[in-house]
Amino acid sequence: MKTGLETLILPAGDAAARAAARTLAAGGLVAFPTETVYGLGADAANATAIAHLYAAKGRPAFNPLIAHVADITAAQSIGRFDARALKLAEAFWPGPLTLVVPKTDGCPVADLATAGLDTVAIRIPAHPVAQAILRAFGGAVVAPSANISGHVSPTLAAEHVESDLSGRIDLIVDGGPVAVGVESTIVGCLNAPMLLRPGGLSRERIEAVLGAALARPPAEAGSDDSQPLAPGMLASHYAPRANVRLNAREVAPGEALLAFGPSRLPGLDAAAAVMNLSPTADLDEAAANLFGYLRALDAKGPRVIAVMTIPEDDLGEAINDRLRRAAVAR
């Protein structure tokens with residue numbers, strides 16, 4: 001991989017969008033904000049650039065990447081949309097939804113980005129900075145989260161990206177904190193639409209548009225030993241350095257606590273550190289804070305981060321999915 005790069009940080013704006021487009025066209029790596037998390041972008045058609053991206057992140061080469069495009073016309077140039085896929089695209093794009101569809105004939109997205117699959121994951125981000133970069137570049141950009149693979153995803157401007165990737169990438173476009181805070185929901189549109197990864201768009205909203213329940217992936221799909229059907233489906237993912245203990249009902253001495261809601265757990269006063277995802281138990285606020293708070297607690301150096309119970313409804317499903325992956329033994 002390219003190391004020892006001077007990573008330039010630019011504030012979001014027209015000049016930054018043009019600089020990002022030039023860097024992508026030259027095969028470089030650019031971190032930029034989307035409404036979900038910061039993404040690390042590379043030209044989706046440039047296998048060498050994608051290889052550099054994998055190396056910069058330490059990302060497994062069999063884990064496919066999401067191709068980000070500016071509009072539905074661009075999406076249809078790389079993927080084939082049936083009626084249900086098009087219905088979802090028209091309802092939720094731009095936004096935090098990724099659709100996995102068959103590749104078009106002559107799809108320009110490099111095989112390395114799709115991990116050898118006959119499908120491609122596509123998203124149109126809603127963030128104006130991401131939109132400006134995509135339009136200035138004029139092509140598809142693969143953009144997994146801008147962090148070392150397996151670390152907590154970056155949500156708070158350049159500081160999160162810089163802490164993981166400074167010296168490994170060419171440019172960071174600083175657009176401030178993101179709004180959603182968890183990655184996009186991924187729906188496979190191959191046969192029956194299937195929820196492959198919960199995320200920033202709830203299952204309920206998707207099913208309301210489809211008029212039918214989303215299928216569930218096979219149980220083995222989330223195993224580290226299996227070929228992922230979509231990005232973000234490795235069982236051990238989104239992991240801080242500390243061990244993560246879920247559904248905590250008390251805090252052991254020296255543990256850090258990731259709290260949720262107004263309740264105080266026994267042992268709280270002996271905690272190494274405490275951060276509350278949402279004192280009012282607001283799941284949207286909790287999702288926006290999730291990765292940033294995990295990072296902040298992890299930086300305190302605790303052996304364990306205890307996590308209070310979070311309900312599974314609405315965005316709670318995505319939050320708990322990330323936390324379960326963070327808690328996988330490793």
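Trainee: Which residue in β7 stands opposite A42?

Mentor: Good place to begin! This is a predicted model, and in it A42 stands opposite V142 in β7. To read such a pair, look at the two strands that hold it: β3 (residues 38-43) and β7 (residues 141-142) run antiparallel and are joined by two bridges.

Trainee: In what order do the strands of that sheet lie?

Mentor: Follow the pairing from one strand to the next and you get β1-β8-β2-β3-β7-β4-β6-β5-β9-β10, an open sheet of 10 strands with mixed pairing. The edges are β1 (8-11) and β10 (194-197), each of which pairs on one side only.

Trainee: And how many helices and strands does the chain have?

Mentor: The chain has 10 helices and 14 strands. Let's turn to one of the other strands, β14.

Trainee: Which strands pair with β14, and in what sense?

Mentor: Strand β11 (residues 243-245) runs parallel to β14, with three bridges between them. Strand β12 (residues 256-259) also pairs with β14 in the parallel sense, again over three bridges. To place them residue by residue, use the bridge partners: R245 is matched with A306 in β14, and A256 is matched with I305 in β14.

Trainee: Are the faces of β14 covered or open?

Mentor: Check the residues side by side along the strand. In β14 (residues 304-307), V304 and A306 lie on one side, I305 and V307 lie on the other, and all are buried, so both faces are covered.

Trainee: Where is A273, and what does A273 touch?

Mentor: A273 is found in strand β13 (residues 273-276). Setting aside neighbours within four places in sequence, A273 is in contact with E255, A256, L257, L297 and K300. Take L297 as an example of sequence against space: A273 and L297 are 24 residues apart in the chain, yet their C-alpha atoms are 6.7 Å apart. A273 has a relative accessible area of 12%, and because buried means under 20%, A273 counts as buried.

Trainee: Can a loop residue be read in a similar way? Where does T104 lie?

Mentor: T104 lies in the loop between β5 (97-102) and α5 (111-114). With a relative accessible area of 14%, T104 is buried. Beyond residues up to four places away in sequence, T104 touches Q76, S77, I78, G79 and R80. One of these, S77, has its backbone oxygen 3.0 Å from a polar atom of the T104 side chain.

Trainee: How many aromatic pairs does a search of the whole structure find?

Mentor: The search finds one. F81 and W93 form that pair, with 5.9 Å centre to centre and 75° between the planes. Planes over 60 degrees apart count as edge-to-face, so this pair is edge-to-face. F81 sits in the loop between α3 (72-76) and α4 (83-92), while W93 sits in the loop between α4 and β5, 12 residues apart. F81 and W93 are both buried.

Trainee: Now the whole chain: what does its radius of gyration say?

Mentor: Compare the value with that of a compact globule. For 330 residues the globule would be near 20 Å, and the chain has 19 Å, so the two agree. The C-alpha atoms fill a box of roughly 60 × 50 × 35 Å along the principal axes. Buried residues make up 58% of the chain. Among contacts with a separation of 6 or more, 67% come from residues 24 or more positions apart.

Trainee: What about the surface?

Mentor: The chain exposes about 12800 Å², and carbon and sulfur atoms supply 52% of that area.

How values were computed. Residues are numbered from 1 along each chain as its sequence is written. This is a predicted model: local features need pLDDT of at least 70, side-chain atom pairs count only at pLDDT 80 or more; totals for chains, interfaces and linings use all residues. Side-chain values use heavy atoms; hydrogens and water are left out. Two strands pair if DSSP finds at least two bridges between them. Helices (H or I, at least four residues) and strands (E, at least two) are DSSP runs, numbered from the N terminus. Buried means under 20% relative accessible area, exposed over 50%, partly exposed in between (1.4 Å probe, protein chains only). A polar contact is a pair of N or O atoms within 3.5 Å; within protein, one must be able to donate a hydrogen and the other to accept it, and residues adjacent in sequence count only if both atoms are side-chain atoms. Contact means heavy atoms within 4.5 Å. The radius of gyration is taken over C-alpha atoms; the globule rule is 2.2 Å times the number of residues to the power 0.38. Accessible areas come from the Shrake-Rupley method with a 1.4 Å probe; for residues, only the protein chains shown count as cover. Rings of Phe, Tyr and Trp (its six-membered ring) pair if their centres lie within 6.5 Å; planes under 30 degrees apart count as stacked, over 60 as edge-to-face and the rest as tilted.
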